[in-house]
Amino acid sequence: MNLIILGPPGAGKGTQAQLLERDRGFIQLSTGDMLRAAQGTELGKKAKAIMDRGELVPDDVMVQIIANKLDEIGDRPFILDGFPRTQGQAEALDALLSKKHKQLGHVIQFKINDKILVQRVVGRFTCASCGEGYHDTLKRPKVENVCDRCGATEFTRRSDDNEQAMRARLAAYHTQTAPLIDYYDGRSFLRVVDGSADFETVRAQIASILDGN
Ligand code: ADP
Ligand code: ADP
Ligand code: ZN
């Protein structure tokens, strides 16, 4: 079964997608990670300027990236994390999936209010080696400066995880991405979890959706 995780920046999409990848064999397709990984290329550099302003990268670029990825992963079940983000992307995704004979299981919406999100994003950091996500107050490594998962000691912070870019990202979410909730609800794919709950509670809510309870 293939999933979309839909929610504002900082809602916990990446955190839960990583857990699903480990627990259930999904492959996480994070378009934000793909753009950051392309930073050495011309396209990556153009994208970085847009990302740092908190705006969205054009649909045609994003759709091409996802189309290539879907070819690459073959028949593995996937989680789209951060895509689609506009009505145009959602429509293009429908066309791609039908062309490739793939289907969506659930669209899982993370519901959470903006106030919590700014705090989450401004404190976020990531293991430079394995990508494990952390937070200054909400999820510190068990041993100071050592990744719980891989033992590495270098961490990175995103240049767009500051309050100013975050305000623009939230505005982009509300105007361009939130309308997708109705788009998917109309086709009865949509499931909702409370993104403001603690890590384990969100994980349990998703597990119950996937296990059909
Ligand atoms: P997204 O992928 O939606 O932008 P992340 O998964 O990166 O969000 O989470 C944003 C920040 O909030 C990270 O620092 C993460 O450790 C923290 N976080 C994620 N889920 C929770 C949660 N349920 N409770 C508290 N903090 C969380
Ligand atoms: P978050 O969910 O924490 O905001 P992401 O890593 O998903 O962050 O995305 C970071 C940035 O990458 C976005 O603010 C946007 O500029 C760009 N981006 C990622 N995915 C898309 C997409 N599907 N469409 C347009 N821009 C995207
Ligand atoms: Zn690590």
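Here are some friendly notes on salt bridges in this predicted model.

1. Let's start with the overall count. Searching the whole structure turns up 21 salt bridges. As background, side chains of opposite charge can pair when their charged atoms come close. The points below walk through a few of these pairs.

2. A good place to begin is helix α4, which covers residues 59–72. Within this helix, K69 and E72 sit 3 residues apart, about one turn, and their side chains meet in a salt bridge with an N to O distance of 3.2 Å. How exposed are the two partners? K69 is partly exposed, at 24% relative accessible area, whereas E72 is exposed, at 59%.

3. Next, have a look at D71 and K100. Their closest N and O atoms are 2.7 Å apart, and the two residues form a salt bridge. D71 belongs to helix α4, while K100 is in the loop between α5 (87–99) and β4 (104–111), so this pair ties together parts that lie 29 residues apart in sequence.

4. Now turn to R158 and D161, another salt-bridged pair, with 4.0 Å between the closest N and O atoms. Is D161 buried or exposed? D161 counts as buried because its relative accessibility is 9%, under the 20% cut-off. R158, in contrast, is partly exposed, with a relative accessible area of 23%.

5. Finally, which residues join R158 and D161 in a network? Salt bridges with shared partners link R124, R158, D160, D161 and R169 into one network, so it is worth viewing these five side chains together in the structure.

Note on methods
Residues numbered from 1 in each chain as written. Chains lettered and ligands numbered in written order. Predicted model: local features only at pLDDT ≥ 70, side-chain atom pairs only at ≥ 80, totals over all residues. Heavy atoms only, no water. Helix = DSSP H or I, 4+ residues; strand = E, 2+ residues; numbered from the N terminus. Buried < 20%, exposed > 50% of the residue type's maximum accessible area, 1.4 Å probe, protein only.
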